[in-house]
Amino acid sequence: MSRKKAKTKKNGTKIMIIVLVIFILGAGTLLGYQIMKDKENQETTVAEPNDVITAEIEEKKVQIFQGEDRPIAVMIDNHSDAWPQAGLQKAYLVYEIIVEGGETRLMALFKGVDVEKIGPVRSARHYFLDYAMENDAIYTHFGESPQADSDIRKYTINEIDGIAEDGTTFKRVKDKVSPHNAVTSTAKLIESAKNKKFKMTSNQESVLNYVTDEVNLQEGQGAVSVTIPHSDRQTVKYVYDEENKVYQRYARGKEQTDWDTKKTITTKNIILTFCDNYTLQDKENKGRQGIKNIGTFDGYYITNGKAIKIKCIKSDREKQTVYQDLEGNEIKVNDGNTFVNICPTNSKVIIEEPKVQEAE
């Protein structure tokens with residue numbers, strides 16, 4: 001073989017080896033890339049269920065009562081001249097209790113919400129303090145009875161009193177007559193509370209045992225309407241809206257609506273507590289009331305068109321009320337707003353069951 005041919009053959013072999021090496025390197029790089037890609041995909045696939053679980057947990061947090069904002073309790077006028085009221089629909093909890101003259105007064109509690117108009121705000125009564133304390137709430141009112149004034153000082157209640165304010169926290173509006181026209185807002189109340197150096201956060205658990213899964217009472221009776229006579233003057237009625245699963249509120253035969261939105265006031269939950277009230281014997285002789293609310297009392301829990309009998313247990317004025325079923329278990333409460341109606345033991349409450357459809 002000539003030297004020229006041998007050289008050509010040698011060069012060809014060398015080229016083939018180089019090409020083969022390049023091919024092997026390229027294949028190795030491609031294979032490595034594919035392995036890394038598959039690993040990333042596997043890691044992504046493994047992470048997805050955890051992400052879904054985390055999202056579900058976050059989604060299932062109780063909505064009506066969350067965060068560390070300290071609740072603010074506001075005394076709301078419930079005289080017919082005060083209707084309609086403002087802010088009730090944004091309260092997570094509203095207590096209704098009798099006062100003098102057969103009237104009732106409301107105490108609305110707000111937590112972590114911005115409410116531009118609340119009212120009309122009225123004066124304090126001493127037994128409402130029990131429910132402000134058990135909710136660790138800043139107590140807001142416009143004046144007070146002598147008993148409330150004494151107890152506010154006795155229990156060192158963080159209070160915002162409209163009479164003692166500087167004229168900016170509350171204002172009197174013109175579309176209602178005095179004393180039924182004092183209004184405020186959560187922003188104004190928070191500003192006042194901060195100026196007074198009140199504690200603005202609270203880690204106290206809710207009085208009610210809220211749950212995220214829908215509570216549909218299996219026992220008990222149907223409750224398409226609930227009529228509660230607090231006195232000869234004040235009768236409250238709740239009518240079930242099956243489509244929206246809430247109760248519409250009526251008082252003295254009139255639909256209760258919001259002052260500004262004109263929408264009907266509704267509630268997801270109703271709690272009834274039966275305990276006696278009595279007339280105070282004091283120098284003012286205005287017929288002011290007291291209530292016997294320390295102990296164990298009969299009641300009802302009503303939600304989603306059903307009602308069950310419960311026990312309402314309050315061991316001390318400052319202690320939280322415990323609501324139990326008749327077997328001694330703390331009741332589970334739907335994640336929504338609640339009206340607590342505290343009415344006389346002899347109140348002839350009517351819980352109406354659904355009408356049975358007659359066969360044609």
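# Close-up views of a predicted model

**View 1. Lys111 is positioned over the face of the Phe65 ring.** The distance from Lys111 to the ring centre is 4.7 Å. The structure shown is a predicted model. Phe65 is itself buried, because its relative accessible area of 17% falls under the 20% limit. A second charge over a ring is that of Lys314, which lies over the face of Tyr131, at 5.4 Å from the ring centre.

**View 2. The rings of Phe65, Tyr92 and Tyr210 are joined into a cluster by ring pairs.** A pair of aromatic rings is described by the distance of the centres and the angle of the planes. The count of aromatic pairs comes to eight. One of them is formed by Phe65 and Tyr210, with centres 6.5 Å apart and planes at 25 degrees, so this pair is stacked. Phe65 and Tyr210 link distant parts of the chain, being 145 residues apart. Phe65 is in the loop between helix H1 (3-59) and E1, whereas Tyr210 is in strand E8 (residues 210-211). Tyr210 has 9% relative accessibility and therefore counts as buried.

**View 3. Phe142 and Phe170 form an edge-to-face ring pair.** The planes of the Phe142 and Phe170 rings stand at 90 degrees, with the centres 5.4 Å apart, so the arrangement is edge-to-face. This pair also links distant parts of the chain, its two residues lying 28 residues apart. Phe142 belongs to the loop between E4 and H3, and Phe170 to the loop between E5 and strand E6 (171-172). Phe170 is buried, with a relative accessible area of 7%.

**View 4. Val121 is buried in the loop between E3 and helix H2 (128-134).** The relative accessible area of Val121 is 1%. Beyond residues up to four places away in sequence, Val121 touches both Phe142 and Phe170, the two rings of the preceding view. Its other contacts are Val74, Met75, His141, Ala182, Val183 and Thr184. Val121 and Val183 are 62 residues apart along the chain, and their C-alpha atoms are separated by 5.9 Å.

**View 5. Helix H3 (residues 146-154) has buried residues, among them Gln147.** The buried residues of H3 are Gln147, Ala148, Asp151 and Ile152. Down the helix axis these residues fall within an arc of 130 degrees, so they line one face of H3. They pack against H2, E4 and E5. Arg153 and Lys154 are exposed and sit on the face of H3 turned away from the buried side. After the helix comes Thr156, with a positive phi near 50 degrees.

**View 6. The side chain of Gln147 makes a polar contact with the side chain of Asp282.** This contact is at 2.9 Å. Gln147 is in helix H3. With a relative accessibility of 19%, Gln147 counts as buried because the limit is under 20%. With neighbours within four places in sequence left aside, Gln147 is in contact with His126, Leu280 and Arg288 as well as Asp282.

**View 7. Helix H4 (residues 186-195) contains the buried residues Thr186, Leu189, Ser192 and Ala193.** Viewed along the axis of H4, these residues fall within an arc of 125 degrees, so they line one face of the helix. Their cover includes four strands: E1 (72-76), E3 (104-110), E4 (138-141) and E5 (159-161). On the face of H4 turned away from the buried side are the exposed residues Lys194 and Asn195. Lys197, just after H4, takes a positive phi of about 65 degrees.

**View 8. The protein as a whole, for orientation, has four helices and 23 strands.** Of the 360 residues in the protein, 46% are buried. When contacts between residues at least 6 apart in sequence are considered, 65% join residues at least 24 apart. The protein exposes about 20,100 Å², and carbon and sulfur atoms supply 51% of this area.

Notes. Residues numbered from 1 in each chain as written. Predicted model: local features only at pLDDT ≥ 70, side-chain atom pairs only at ≥ 80, totals over all residues. Heavy atoms only, no water. Buried < 20%, exposed > 50% of the residue type's maximum accessible area, 1.4 Å probe, protein only. Arc of directions from axis to C-beta. Contact = heavy atoms within 4.5 Å. Polar contact = N/O pair within 3.5 Å; in protein donor to acceptor, adjacent residues only side chain to side chain. Areas by Shrake-Rupley, 256 points an atom, 1.4 Å probe, with all protein chains shown as cover. Phe/Tyr/Trp six-rings, centres within 6.5 Å; stacked < 30°, edge-to-face > 60°. Lys NZ or Arg CZ within 6 Å of the ring centre and 35° of its normal.
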